[in-house]
Amino acid sequence: MSEQIYIIGDVHGCFNTLLELIKQFPDKEKSQICFVGDVIDRGLFSCDVVELIIQNNYKMVMGNHERRLLSNKYEFLNNQAPFDTSWFYNNGGEETYRSYLAQSMGFKQRHIDFLEQRPVYLEFKDYKNQNGEHLVVSHSAVGKFWTLRDDDSSRDEFRKHVLSGRGDMMQVEGIFNVYGHTPVREAKLYTNSANIDTGCIFNEEGYDKLSALEFPSMKIYTQKNIENFNKQG
């Protein structure tokens, strides 16, 4: 096992920026890398990002944007207009569709299968900080819902929260939770958690970089958005 693991914030199709960020990692060819979800939508290269993750066997948890694509998977696979027009027109689904236009149904099906198999959280019990707390990666903070993860009656509630919940800042002893989902100007380190979504896709002052956390060293790596496209919201 490598000594460090690198957790990367919300990529949102910013493939070129992602490549430059990974280049900064000291042992990039052998690095263990995990994504907090929302690797697709809004940016122009969602297809390339997902393929990179698959080809390199990187770890990834599901985000709310992957869930929305999967909710429209039959339309996506058949190049039909999605039923979720809000996602398509207002939240970046259209850019994801376009990034796959040249791909065969088989290629797209492989990506859908991969995304469907992503869990909503990952525990890395071999990676512990100086306090002995092991790493947990999720899209949104697990917070007060962490104790519900194995409760059959509450599992759906837990899943919904870690995919799209906001504002739950409860710190959970015994774990260190790294997540994204809610953009912040700089990566935020708390007692038992870290938010590393620095809003790369928005490409505006204050929200213009992709960030990664090296764990357990807690070093932050950042890469300014270098995508060559008009500012998107």
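**Exercise 1. How far apart do the end C-alpha atoms of residues 5-160 lie, and what share of the span is helix and strand?**

Solution. Start with the ground rules. This is a predicted model, in which local features need pLDDT of at least 70, side-chain atom pairs count only at pLDDT 80 or more, and totals for chains, interfaces and linings use all residues. Residues are numbered from 1 along each chain as its sequence is written, and side-chain values use heavy atoms, with hydrogens and water left out.

Step 1. Find the end C-alpha atoms of residues 5-160; they lie 26 Å apart.
Step 2. Read off the make-up: the span is 40% helix and 15% strand. Helices (H or I, at least four residues) and strands (E, at least two) are DSSP runs, numbered from the N terminus.
Step 3. Look up the record. An unreviewed UniProt entry annotates residues 5-160 as "domain: Calcineurin-like phosphoesterase". Such annotations may be inferred rather than shown by experiment; the positions are given in the numbering used here, and feature names are shortened.

**Exercise 2. Describe the surroundings of strand β6 (residues 175-179).**

Solution.
Step 1. Check the cover. Of the 5 residues in β6, 5 are buried (under 20% relative accessible area; exposed is over 50%, partly exposed in between; 1.4 Å probe, protein chains only).
Step 2. Split the strand by face. I175, N177 and Y179 are on one side, F176 and V178 are on the other, and all are buried.
Step 3. Find the paired strands; two strands pair if DSSP finds at least two bridges between them. Strand β5 (residues 134-138) runs parallel to β6 and is joined to it by 4 bridges; here H134 has I175 as its bridge partner. Strand β8 (residues 193-195) also runs parallel to β6, with 3 bridges, and its N195 stands opposite Y179.
Step 4. Trace the connection. β5, helix α8 (residues 155-164) and β6 form a right-handed β-α-β unit: with the strands pointing away from the viewer, the path from the first strand over the helix to the second runs clockwise.

**Exercise 3. R42 and N57 each have a positive phi. Is each one buried or exposed?**

Solution.
Step 1. Recall the background: most residues other than glycine have a negative phi.
Step 2. Take R42, with phi of about 75°, in the loop between β2 (32-35) and α2 (46-55). R42 counts as buried because its relative accessibility is 14%.
Step 3. Take N57, with phi of about 55°, in the loop between α2 and β3 (59-60). N57 is exposed, since its relative accessible area is 65%.
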